[in-house]
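Welcome, and thanks for taking a look at this one. Here is a short briefing on the packing and the ligand site.

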Amino acid sequence: MTIAGFPEDFVWGVSTSAFQIEGATSADGRSPSIWDTFTANRAEACDHYHRYPEDVRLMKELGMAAYRFSVSWTRVFPDDSGKVNQAGLDFYDRLVDELTGAGITPYATLYHWDLPQWAEDAGGWPARDTACRFADYAAAVHERLGDRVGTWFTLNEPWVAAFLGYGSGVHAPGRASAPDAFRAAHHMLLAHGLGVRALRDAGAAEVGAVLNISPVMTPAQVSDFGRTLSEEDAEAVARIDALVNRQFLEPMLRGAYPAELLEIAERHGGLGHVRDGDLDVIAQPLDLLGVNYYTPLVVQAQPSEPAGAAFPGSEGILFCTIPTAVTAMGWPIVPNCLALLLDRLSGEYPDLDLMITENGADFVDVVTGDGIHDVDRISFVEEHLRALRGAVEKGAKVRGYLVWTLLDNLEWADGYQRKFGLVHVDFATQKRRLKDSALWYRDVISRNGLTEARPRRPTLETVAARAGVSRATVSRVVNGESSVSSEVRATVMRAVREIGYVPNAAARSLVTRRTNAVALVLSVPRQGGDALTASVVQYVTSLLEGAGKQITLMLADTAESHRRIVAHVEGRLADGVVLLPPDRGDTLAERLSRTEVPVVLLGKPPIASMVPYVDVDNAGGAAAATDHLVSLGRRRIGMICGPMDLVTVQDRLAGHRTALRRAGLRPHLAAADDLTRAAGAAATHRLLGDRPSLDAVFAATDQLAIGALTAAREAGRRVPEDLAVVGFDDVDAASATTPALTTVRVPVADQSLALARLLLSRLEGRHTTSVVLPARLVVRESA
Ligand code: FCB
């Protein structure tokens, strides 16, 4: 077996944080932090405060060399008196002893987002004094643990703490104020600088900080990073990079804020809080930068876009979804970006030592009778390690890699539903169970590398080959049939365990009563109308597979197939159903929704119901298209509608009518029998025959519009001079017509993502409502 090895002294381990695992929130004098206030009834977490010996033992068994944990500030300073609570520090004292006793090197993070509530009450991070308090706290912790803890990290991901905590308010303390977010960020940087100084004065061996660094790129760059960008896109990328990455990297490592950032902060509350000398304090020399990487930020210039609350100053920038596999968090999986960001850091800061302090993934885990076969998590870590190894070979100075995280835990505002752990925790009993990923990671650590072959999802055939039995026998065993001898059963089950085979849906449902399968039901595509459906099928499949679901594609084309689909769902062979698109006014959606299995729809159903759907704003898009024609001075505007039983067509017509009414114009409509180009051409001929003075045509779909272009040519009309033409959907062909078609863009990837998310939320039993996404006019030559 060839090994893709890592440097000899490479450090392997895991990261955790205090609030997410400790529990015991009022033990030994601890007072509430902002997260206790923000999230009620979450006190117990993993009860690590009491169970740390077991957790350390697990890490030892897995061969971990390093453990990064965070210290809870409110255990050390429960109030603002400045008096250290030694009983709180005792816990970390015990933990560090346990770790060093097990041969595991402790890495301490001082601030992982759990600000004391008393400090928040005194103004929180937007107040300068918080930074000074932090320095006292750093010194107090070092005083107690400095003899055994060599490496110290001041802050974890200050961007998240400042901009989600004070900007968008989705994290504690839940304030939503751009000026507060910039002030918080600056004071966190100041706290870092003062903290580094305090730690060094106290004799700390090594000091660093942990930043979330997200490569920023356009959708096209995700697969081709070298691609040249338009000036607008390059500016959008640079601005987000300044907000998220350079706002922290450059003050810490270069002693200055990026100019773009200062300009944005200036517009959001001013820079009065940045005092002379602050940047010198912030730019203390560092021994190590911790890098947390999960996913890139994908953006593009979009003039009308308002700024998001977490990104003040991001006006005119659209945050894009991309059609890659995603984790259950919905985060795109792009391992190459890890290599990209390491190349960048090594290029910009060649002398700096790096460590991957967090990387990992949330996936829906299935607990089976014979373990938790979390193949997706294994592939995630494996692919990122491969990217990391490539970067190290190219010279990136990366000392080690810490998986986020040891235990399934309390994932901040998302609560307990997120599963990032290598170790499963049953929160009813606090029982820990190693997932396959933990065992796989143990092997990576012990061989200090990856095996050359990529782990492939094992199949029934692989199990059969390993166990030396037929495929049918394996199938009988995993399906729990009794016709197999206990000896053969044992051999097969051993093979299943050894290669981490995930039993099929039927076998799983025996243990979990969940199949992990999702039925993707396709109605019969309309003639000429299936381009959107085809790409949505592709995206939805990859998104749901990325979230660990198995997809069963089912075609709803006959009454018999409807019966079969309902029986399939009633027989609980699927946990959920995605139905696309439910036109024709059929009753399948209603019948499926009565099965109690979660159903989500692509497209608004013809009859209002409780079933949630994802749709685009068809009426709004059609109104924008019509307004555009009016703004060009067109007054005699015809519309090609398409079959009127389609809800989409009805909505587009309604939007068109509204815009005409606003402009004081009368409609001229022609229905097309289907959505083909031929139908579009025929309808256009009719419209022009009835009303030769027509000066514009709006078609309900691009295919119809392309037919209209042909018909205009045949009738001797010049487009756009004599006749302006606008379509809807922005299919691939729309930009390739002569002249190129002005149309309304339907966000395909966003719709797919919204559908997948809607279904995953419903599967988790969460309340969901329908999603209507904006449709945007794309102006080209035809109008
Ligand atoms: C990081 C945090 C960590 C955890 C992971 C999923 O941003 O540092 O606590 O929430 O994300």
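Which residues is L385 in contact with, leaving aside its neighbours within four places in sequence? In this predicted model, the partners of L385 are F6, W12, Y401, W440, V444 and L450. Both L385 and Y401 also appear among the residues that touch the most other members of the largest nonpolar core.

**Nonpolar cores**
- The largest nonpolar core has 144 residues, and the members touching the most others are W125, L342, L385, L388 and Y401.
- Helix α9, spanning residues 178-201, supplies the largest share of this core with eleven residues.
- Apart from that core there is a second, separate one of 71 residues, with L522, I637, I706 and A754 among its members.

**Around the ligand**
- The shell around the ligand is made up of Q20, H112, W113, N156, E157, N292, Y294, E358, W404, E411, W412 and F420.
- By residue type, this shell splits into five nonpolar, four polar and three charged residues.

**Polar contacts and cover**
- The side chain of H112 places an N or O atom 2.8 Å from an oxygen atom of the ligand.
- For W412, the distance from a side-chain N or O atom to a ligand oxygen is 2.9 Å.
- For N156, a side-chain N or O atom lies 3.0 Å from an oxygen of the ligand.
- On its own the ligand has 290 Å² of accessible area, and the protein covers 95% of that.

Methods
Residues numbered from 1 in each chain as written. Predicted model: local features only at pLDDT ≥ 70, side-chain atom pairs only at ≥ 80, totals over all residues. Heavy atoms only, no water. Core = buried A, V, L, I, M, F, W, Y, C linked by side-chain atoms within 4.5 Å. Buried < 20%, exposed > 50% of the residue type's maximum accessible area, 1.4 Å probe, protein only. Helix = DSSP H or I, 4+ residues; strand = E, 2+ residues; numbered from the N terminus. Contact = heavy atoms within 4.5 Å. Near = heavy atom within 4 Å. Polar contact = N/O pair within 3.5 Å; in protein donor to acceptor, adjacent residues only side chain to side chain. Areas by Shrake-Rupley, 256 points an atom, 1.4 Å probe, with all protein chains shown as cover. Nonpolar A, V, L, I, M, F, W, Y, C, P; charged D, E, K, R; others polar.
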